[in-house]
Structure formats: C-alpha cells, structure tokens
Amino acid sequence: MLHKCHLSKSCFSLCVLTLLLGLVFLAAPQAQARDTLYLAIKGEPSDGYDPTLGWGRYGSPLFQSTLLRRDANLDIVKELATDYRLSEDALVWAVTIRDDAKFSDGKPLTAEDVAYTFNTAAQSGGKVDLAKMDKAVATGRHTVEFRLRERDSNFINRLVSLGIVPRHLHGPGYARNPVGSGPYMMANWTEGQQMVAVANPYYYGETPHFKKLVFLFTDEDTSFAAARAGKVQVVVVPQYLAVQKLPGMKLHPVKSVDNRGLLFPMVPNEGKKTATGAPIGNNVTSDIAIRKAINIAIDRKALAEAILEGYGRPAYGVCDGLPWDNPANKIEDGNLDKARAILAKAGWKDTDGDGVVEKDGVCAEFTMVYPADRAIRQGLALACADMIKPLGIHAEVLGKSWDEIKPMMHSSVVVFGWGSHDPIEMYHLYSSSHAGEGWNNPGFYRNLAVDEHLEAALSAPEYKAALENWKKAQWDGTTGANTHGDAPWAWLVNLDHTYFVNEHLDIGTSQIEPHGHGWPITANIQQWKWVN
C-alpha cells in the first residue's frame, strides 16, 4: 500500500512539474542553459530569506554577503571585512569593511547597515545566537565594533554566517523580498514552486558566469525525473538514487557533517508537561543502560552501506571530523553481546519469555518517530528497530509530521538531523540551559560537568583556545555527552550529499557541507562555469 501511495504522489508531482517546466521553458529554451541554470536542490525556507531570522546559517545566504566566510578547506577568510581584530580582554571585535560594497538597489553598504543587522538579529528572537553581544556600534562609515557583555569565543562564527541586510529596506516583508550585497538578487519567488535569482549588477566580487538561477522546489521523485529528462542542470537526490545513471549528467558526491541520530528522552515520566502541554519523560530511555546498549548494538557501518548505499559514513558525535570533535567519541559498535551484558548488569531481563526485557515492572518498549516525508530517516528508524530487537528492546516505529513530532519529542525517541560548521550547535544540544527549549535539547539532558565545559569553551579568549573544552564536553575522561558518558543520543550516520550536475557544468571544489537546509552547494557559486 505504501508503494502505491508513493507512486501516486510521484505521478501527480511529475504532472505538476511538467506543466511548470513547460511554462518556464517556453520563456527560457534549453539553448540558454549556458547562462541560465535550473537547480532542483531543495532548501526553500518557510521563513523566507531574512538573515536576522536565521536564513543562511547553514551554507551560503546567496543574496546577502557576510563579513567573513569559510573557503573550500573551511578556513575563515575575509569577505566584506578587510580587517578584523579582537581586543586583549576579548570583549570587543573591531571590524573594517570594504568601501566599495553596494546593495542590489545601488545603495552603499556601510557600517551602519552592519550594526543594524547584528542588533536586529540579537533582538529578533530568531535562530541567530547573539546572547553574549551587548551591542554593535558603527564607529565610522566603514568601521564597526561588536561589544560583548562577556567573552564569547564562538562570536567569530557570527561574522561568518550572518548576512548583512540594508537598514533602509529591512522590516516586515523583507524575508520575502530580500535585498543584499551578494552575487545574486531575487527576481521573483512563487512559493512552493520556484524562485528566480539574477546576477547582482552591483556585486563587488567577481561577476558570476551564470546570469540567472532558477530554483525549482519539487519533491525528490519529481526532481529526479526532471533531471533524467534534461530539464535541470543540478539536482540533489537521496542517496539510494545516486547509484543510478542519468544521461548527460555526472554524480557529484559531497562529504558533509549532515548527520542523523536518535534523540533519547533523558528523564523518567513523572507526569510533568511543558508549558504547551507536551508530556515529558520516558521510563525506558531514562535508564542509561538502555541508551548505552542501543548505542553499542547499532551497526553504523551497515546503516551507511544499506540505507545510504555507501554514500555516507558512521557518526559517533554531532561534529565528526571537525576541529572540535573528540576522537574518543568513536566506539566499537554492532556488538550485541556487550550490549546484552550492559542490560543484564542493570537488571533488564526477559522474565516472561515474550522477547522483551523488563525491569521493575517496566517493559523495554518505546515509540520511535521520524518525519513521514523523509525516506532516509524512515529507513534508519526501521533498521535501528531491527538491530535492537535481539536485545529484547521493542521500538514502535511511526512516521509523523513535524507538527505531530513536536509535542512527542520530550517523551519519544526521535530521528533528528543536525550538523553545522559552528560548535554553538553542540551547546544548543547539550547545555542544560536549553533543556526543553524548542528543538534544541528536547530530551532534557542535564550534566553539570558538561555545562561547565561548555561555558568554559564559550568564555575562552578565542576560537582555538576553546577547542579543548568543546572536546571535554563530549568526554573528559570521566563524564560527557558521548556514548562513554551519558549517551543522550545515538548518533548514526553522516550523509554524503549526492548531486547530479550537467556534464558541461564545472562547479569547482565543494566544501564539507553542513546540514542540508539552505543551499550549501552554492557557497562557491562565483566559480561555477559552463564548459563545452
């Protein structure tokens, strides 16, 4: 039945795309592909394209430019900034910006715009973490200071990720009509269908080769069908479709820290609820023996091979391979005997012979939910349920909408995905200050020692000095948030993002990509060119 519904949806979507593309290509024949690109790479933001609300924090903001950026090696390099320095007390960042930058309406970009952007983002209550910034002050037409209330070693990542908006145009409605100083500017956006961007004539950098970009917001099956028909030049596909061949296109797999993992509710069910009435706690996953046994029983390499068709690698933490990753996170997994021993030592036994272990009258059963429209997460959930079944742990796997998952995530195991170029994500996931706050730490994880390491990382004088404490928050030899410690997550796999690109399209060297929100592959869009 599931397969029939899947085909029906695909057929419907394909009809919609065929009609859409038919209209598009009447105005833009295939012969113009050399200066116009059609991309089906997902990433339509429901909140629009306002950096002060979070747009651009995963990958390139495209319409806006940032003070700094990360290059293909993830090294931090200058963008709008021509100079930047941190005061000796680590409380003031002084930045000088280039004097030739303009917004796409032709108005100059000044330090006042930079200060406005940061102050607005700090006050917006959005997804930009500027909690430690007191204020941003324009100290000259092209100089700005960021004054911190207290040290924040991670602040430099705000200079990397926050796109600058024009003070004279920003306000209600900006998110759907963005103006910035990036290489492209929005021409029109038909929500749920497509967004057209054209080259910004006032862009200060190298003029991009392609004059127009058309982003198509179609589902996976429809996008793949369009690529097979030669209607798009770049398409992102789920890993299970990457093994296929597309005429005239080449596979472009990109390593990422876009991970998937199982979030565990960390506290027992004592009848407590959130302010919105969502139940808190789970009497099974609140037992550390259950969480450790699951972590050790799961065969991550098998998941990467079977679910991702080899386009991915095992994940043992939220930041595998990044400078703040702790190598101690890696464990020997797929070990059922060791997992059974952990359960037995903790008192979990199958006393009634039904295949499920019990302890103090509680059966090792829980609900495991995943977003119903994500095939990879469905596959991971089902595979994990099968892998832990021999332990006597039963997981009921359910596909739900995000609206349905939100009130369940404090009491059920959830297949989540994270992965960022910014260590602040680890703070959001593991700090008790975020326990139960939105999507950040829904399992209510708390560990005083972990909190101390996280705070020490943020209060370090600068980014490199913070690395050791970021690692200690994961495991300090005694405690931490990895599997050796409290195991609040079972991290599963890091995806390779799999794109097909036209064989005539040169997209240069892609950086290791963060989570797939936004368009990380366009981070080097100025380098893209058409090759005959």
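The following questions and answers walk through helices, aromatic rings and charged side chains in a predicted model.

Me: How far apart are the end C-alpha atoms of helix α8, and what span should its 14 residues have?
Reply: Helix α8 covers residues 375-388, and at 1.5 Å a residue its 14 residues should span 20 Å. The distance between its end C-alpha atoms agrees with that expectation, being 20 Å.

Me: How many of the 14 residues of α8 are buried?
Reply: A residue is called buried when its relative accessible area is under 20%. In α8 the buried residues include Ile 376, Arg 377, Leu 380 and Cys 384, and the helix as a whole is mostly covered. The number of buried residues is ten.

Me: Which residue caps the N-terminal end of helix α4?
Reply: Helix α4 runs over residues 220-228, and among its buried residues are Thr 222, Phe 224 and Ala 227. After the helix comes Gly 230, which has a positive phi near 75°. At the N-terminal end, a side-chain oxygen lies 3.3 Å from the backbone nitrogen of Asp 221, and the residue that supplies this oxygen is Asp 219.

Me: What distance separates the C-alpha atoms of Ala 111 and Ala 138?
Reply: Ala 111 lies in helix α2, which comprises residues 111-124, and Ala 111 is buried, with a relative accessible area of 0%. Leaving aside neighbours within four places in sequence, Ala 111 is in contact with several residues, among them Ile 97, Ala 138 and Gly 140. Although Ala 111 and Ala 138 are 27 residues apart along the chain, their C-alpha atoms are separated by 5.2 Å.

Me: Is the ring pair of Tyr 49 and Trp 519 stacked or tilted?
Reply: A search of the whole structure finds 19 aromatic pairs. For Tyr 49 and Trp 519, the ring centres are 5.9 Å apart and the planes stand at 35°. Planes under 30 degrees apart count as stacked and those over 60 as edge-to-face, so at 35° this pair is tilted.

Me: How many residues apart are Tyr 49 and Trp 519?
Reply: Tyr 49 and Trp 519 are both buried, and they belong to one aromatic cluster that also includes Trp 55, Phe 63, Trp 189 and Phe 215. Tyr 49 sits in the loop between β1 and β2, while Trp 519 sits in the loop between β20 and β21. The pair therefore links distant parts of the chain, and the separation of Tyr 49 and Trp 519 is 470 residues.

Me: Which side chain of opposite charge is nearest to Glu 513?
Reply: Glu 513 is found in the loop between β20 and β21, and this residue is buried yet has no salt bridge. The side chain of Glu 513 does have polar company, with a polar contact of 2.5 Å to the side chain of His 497 and a polar atom lying 3.5 Å from the backbone nitrogen of Ile 521. The nearest side chain of opposite charge is 11 Å away, and it belongs to Arg 260.

Me: Is Glu 79, the salt-bridge partner of Arg 69, buried or exposed?
Reply: Side chains of opposite charge can pair when their charged atoms come close. Arg 69 and Glu 79 meet in a salt bridge with an N to O distance of 2.8 Å. Arg 69 lies in strand β2 and Glu 79 in the loop between β3 and β4, so the pair ties together parts that are ten residues apart in sequence. Arg 69 is partly exposed at 36%, whereas Glu 79, at 15% relative accessibility, counts as buried.

Me: How many residues apart in sequence are the parts that Asp 287 and Lys 359 tie together?
Reply: Asp 287 forms a salt bridge with Lys 359, with the closest N and O atoms 2.8 Å apart. Asp 287 counts as buried at 14% relative accessibility, while Lys 359 counts as partly exposed at 22%. Because Asp 287 lies in the loop between β12 and α5 and Lys 359 in strand β14, the parts tied together are apart in sequence by 72 residues.

Key. Residues numbered from 1 in each chain as written. Predicted model: local features only at pLDDT ≥ 70, side-chain atom pairs only at ≥ 80, totals over all residues. Heavy atoms only, no water. Helix = DSSP H or I, 4+ residues; strand = E, 2+ residues; numbered from the N terminus. Expected span 1.5 Å × (residues − 1). Buried < 20%, exposed > 50% of the residue type's maximum accessible area, 1.4 Å probe, protein only. Lys, Arg positive; Asp, Glu negative; His and termini not counted. Salt bridge = Lys/Arg side-chain N within 4 Å of Asp/Glu carboxyl O. Polar contact = N/O pair within 3.5 Å; in protein donor to acceptor, adjacent residues only side chain to side chain. Phe/Tyr/Trp six-rings, centres within 6.5 Å; stacked < 30°, edge-to-face > 60°. Contact = heavy atoms within 4.5 Å.
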